[in-house]
Amino acid sequence: LILLIGVYLFLRLRYRPTTETLAVDALQPPEGQEGLAKSWHGPLVIFVFITTILLWMTSGLHGLPTTVVSFLPITAFTTFQVLRSAEVRNLPWEVLLLLAGGLSLGVAVRETGLADWIITHLPTETLGTFGTTLLLAYVACVLSNVMSNTAAANIFVPLGVALGAGDPVLVVPIALACSCAMCLPVSTPPNAIAYAPGRLKATDFLVTGLLVALVGPLVCTLWSSWILG
């Protein structure tokens, strides 16, 4: 909440709105496709959305991998014509490849041993719990900016568990810091979605992204030490 409010105020000051009118041109259906959506498509999307999230969160109970669960919305939306062939062809494939590249980079960092090399060169023995947590949070945030939040969390959260023997004071800030990476479109899917329409350049993310990257890990570490310590 602290980060959300802080970033909102920063954006309001840096990018002062000139009008309160909402630009809805991007939300309009493509020409000639008005009225094609059925009245039951909205409830169907809500149902599939909730079901997919619940299946992702309960994978330990039913044993379905998250990748398999992902086929539920793909199958449901195409079967019931929520998404038609023209819309599938018009998907921003370059953005999907951007996200896949970030995940692939994360796998490469882990599989080549680069992650282990980085960890062995961090002075974690002399910093104490708070210093170690803060250092790992910043390292996770930096790498998360260039590979993807998910990939960075997959690398650094298990490391935090190992170093802290499961202590949440060490693990939680690392996980939160991975989500503080917003400097590039590849950093997180919301950035990629904002970048997809082509109205933003990669450099447009830097100023706000650097602010969050500098302040975010510190706030997360202080909060976790106060609440969980």
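**A walk from the pocket to the aromatic pairs**

Start at the second largest pocket: 18 residues line it, and Leu99, Leu103, Thr150, Thr188 and Pro189 are the ones nearest its centre. Keep in mind that you're looking at a predicted model. Four helices give two or more residues each to this lining, namely α7 (93-111), α10 (149-164), α11 (168-178) and α12 (189-195). The volume of the second largest pocket comes to about 490 Å³. And what classes of residue make up the lining? There are 12 nonpolar and 6 polar residues, with no charged ones.

Now swing over to the start of the chain. Here Leu1, Leu4, Ile5, Tyr8 and Leu9 make a nonpolar patch on the surface, and together they have about 610 Å² of accessible area. One of them, Ile5, sits in helix α1, which runs over residues 2-14.

Last stop, the aromatic rings. How many aromatic pairs does the structure hold? There are 2. One of these is Trp40 with Phe80, an edge-to-face pair at 6.0 Å centre to centre, with 85 degrees between the planes. Trp40 comes from the loop between α1 and α2 (41-57), while Phe80 comes from the loop between α5 (71-79) and α6 (85-89), so this pair ties together parts that are 40 residues apart in sequence.

Terms used: Residues numbered from 1 in each chain as written. Predicted model: local features only at pLDDT ≥ 70, side-chain atom pairs only at ≥ 80, totals over all residues. Heavy atoms only, no water. 1 Å grid on protein atoms, 1.4 Å probe; cavity = no way out; pocket = protein on both sides within 12 Å on 5 of 7 lines; lining within 4 Å. Points joined across faces, edges and corners; volume = space filled by probe spheres on them. Nonpolar A, V, L, I, M, F, W, Y, C, P; charged D, E, K, R; others polar. Patch = residues over 30% accessible without salt bridge, like charges linked within 9 Å, V, L, I, M, F, W, Y side chains within 5 Å. Areas by Shrake-Rupley, 256 points an atom, 1.4 Å probe, with all protein chains shown as cover. Salt bridge = Lys/Arg side-chain N within 4 Å of Asp/Glu carboxyl O. Phe/Tyr/Trp six-rings, centres within 6.5 Å; stacked < 30°, edge-to-face > 60°.
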